[in-house]
Amino acid sequence: MKVTEHLAKAEKTLLSLEILPPLKGKSISGIYDVLDHLIEFNPSFINVTYHRSEYIYKKRGDDRFDKVFIRKRPGTVGICAAIQFKYKIDAVAHIICGGFTKEETEDALIDLSYLSIDNVLLLRGDASKNERDFIAEPGGHKYASELVKQVVNMNNGIYLEEDSIQGYKTDFNIGVAGYPEKHFESPNLKSDLRFLKQKVEAGADYIVTQMFYDNQQYFDFVKKCREEGINIPIIPGIKPITAASQIHSIPRTFHVDIPEALSDEIDNCKTPEAVKAAGVKWCIQQSQELVEAGAPCIHYYTMGNVDAMRTIVDEVF
Ligand code: FAD
C-alpha cells in the first residue's frame, strides 16, 4: 500500500521507522535484530536510507596512491525487498541524485517497481565527503525536483530513451524532504519553501521533515507551507538523543538547533545512562505533543537505537 493511502485511511497518528543499511561486509541480520524488537508496535512503513559512494586513496606497493570508489552501505533495494517479504510491511526506498546518472536511477527504479516497492523518498543527497559543495554526476540530477520529474515521467510510462515512450507505467508514491529550520544551503526559509513547492508541483505526494527538537519549529513550518499553497501531508521526523556528544554533532551534521532546556539537561547528566534517559524522555514528550496536535504520522530516525526506540514507541503508540 502507498504511504499516502496509509495516511488517508489512518484514524490516529501512524508510526514510521527509518533504518540504515548495514556496513558493507555485515549481514542483514543486524536489520532484523532492530526490526524484530519494534515490529510489534505496527509501523505502517519502514524507510531504508541510501548512501552514495565516496572515494578514498589506497596506498599501493610502490608508495603511490590509487583513487578507489567505495560504497560503505550498499543494499537499499535488497533490504526493502527483504522487509516486505519477511514482515509484510511496506518499505520506502530512499533514492538520491548524488553519484548517479539518470540512467542508473532509472534502472534502480525499474528494479524497485518489479519488486513491488512502490514507495520512494526522493532526495538530492549531500556533497561527497571529499567535496565542499554538492556536485551533480555528469548526466545526473542537480536537485531533488528533477528526480521527482523523472519518477513522475515513469509513472506516465515515459522513460529516458525516446523509443520507449509509452512504456510500462510505474506506480510510485513520492515523498520528498522538508526542513522546518530551512535547508542549510538556503539563504532563508522563504527561498527554501519556494523550492519545496517546486518539488510538490513536480509531483511529490507527501513531505517528511528533517529532525527538530522543538515542536514549535514543525508547527510553524506546517503553517508556512499551507500559506505558500503546499497542501500535501507533512510527516514530522524526530530522533532521540542517546549520547552526550550528539548535542554538538547533531547541529553540526543536520543544521538543527538543540533547545537550551534540552542541552542544559544533557549537560547536567552524570552518566551515559542518564543522558540516554533524558534524551528518550524528551523524545517521548515531543511525540506525545505531536500526536495530540494531530500529526499524520511520526517518522523516527532510529539509527539502530533499539532500546531507546522501544521505550519511546511503547509509551507513545
Ligand atoms: P533539494 O530539494 O534538491 O534542495 C537542496 C537545496 O537546493 C536546498 O537548499 C533548496 O532550497 C535548494 N534548491 C532546490 N531547488 C533549487 C533550484 N531549482 N534552484 C536553486 N536552489 C534550489 N541523504 C542521503 O544521502 N540519503 C538518504 O537516505 C537521506 N534521507 C533523508 C531523509 C530525510 C527525511 C531528510 C530530511 C533528509 C535525508 N537525506 C538523505 C539528506 C538530504 O539528502 C540532504 O539534506 C540534502 O542536502 C538535500 O536534499 P533535498 O532532497 O532536500 O534537496
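These are my notebook entries on one strand, one ligand site and two loop residues in this structure.

**Entry 1: the model.** I began by checking what kind of structure I had, and it is a predicted model.

**Entry 2: strand β5.** I looked up how well β5 is covered. The strand spans residues 90–96, and 7 of its 7 residues are buried. Next I asked which side chains point which way. D90, V92, H94 and I96 point to one side of β5, while A91, A93 and I95 point to the other. I noted the general pattern beside this: side chains in a regular strand alternate between the two faces of the sheet.

**Entry 3: the neighbours of β5.** Which strands does β5 pair with? I found β2, residues 45–48, running parallel to β5 and joined to it by 4 bridges. Within this pairing, N47 has V92 as its bridge partner. I also found β6, residues 119–123, which pairs with β5 in the parallel sense over 5 bridges. Here I95 is matched with L122. Following the chain, I saw that β5, helix α4 (residues 102–114) and β6 form a right-handed β-α-β unit.

**Entry 4: around the ligand.** How many residues surround the ligand? I counted 23, and the closest are Y50, D126, Y179, D192 and K199. By class, the shell holds 11 nonpolar, 7 polar and 5 charged residues.

Then I looked at individual polar contacts. H94, one of the residues of β5, has a side-chain N or O atom 2.8 Å from an oxygen atom of the ligand. For R124, a backbone N or O atom lies 2.8 Å from a ligand oxygen. Q198 brings a polar side-chain atom to 3.3 Å from a nitrogen atom of the ligand.

I also looked up how much of the ligand is covered. On its own it has 970 Å² of accessible area, and the protein covers 87% of that. The elements giving two or more residues to the shell are β5, β6, α6 and β8 (206–211). Of these, α6 gives the most, with 4 residues.

**Entry 5: two positive phi values.** I wrote down the background: most residues other than glycine have a negative phi. K182 has a phi near 70°, and sits in the loop between β7 (173–178) and α6 (189–202). H255 has a phi of about 60°, and lies in the loop between α8 (246–254) and α9 (260–267).

Are these two buried or exposed? K182 has a relative accessible area of 23%, so I noted it as partly exposed. H255 is also partly exposed, at 34%.

Technical notes:
Residues numbered from 1 in each chain as written. Predicted model: local features only at pLDDT ≥ 70, side-chain atom pairs only at ≥ 80, totals over all residues. Heavy atoms only, no water. Buried < 20%, exposed > 50% of the residue type's maximum accessible area, 1.4 Å probe, protein only. Pairing = 2+ DSSP bridges. Right-handed = clockwise from strand over helix to strand, strands pointing away. Near = heavy atom within 4 Å. Polar contact = N/O pair within 3.5 Å; in protein donor to acceptor, adjacent residues only side chain to side chain. Areas by Shrake-Rupley, 256 points an atom, 1.4 Å probe, with all protein chains shown as cover. Nonpolar A, V, L, I, M, F, W, Y, C, P; charged D, E, K, R; others polar.
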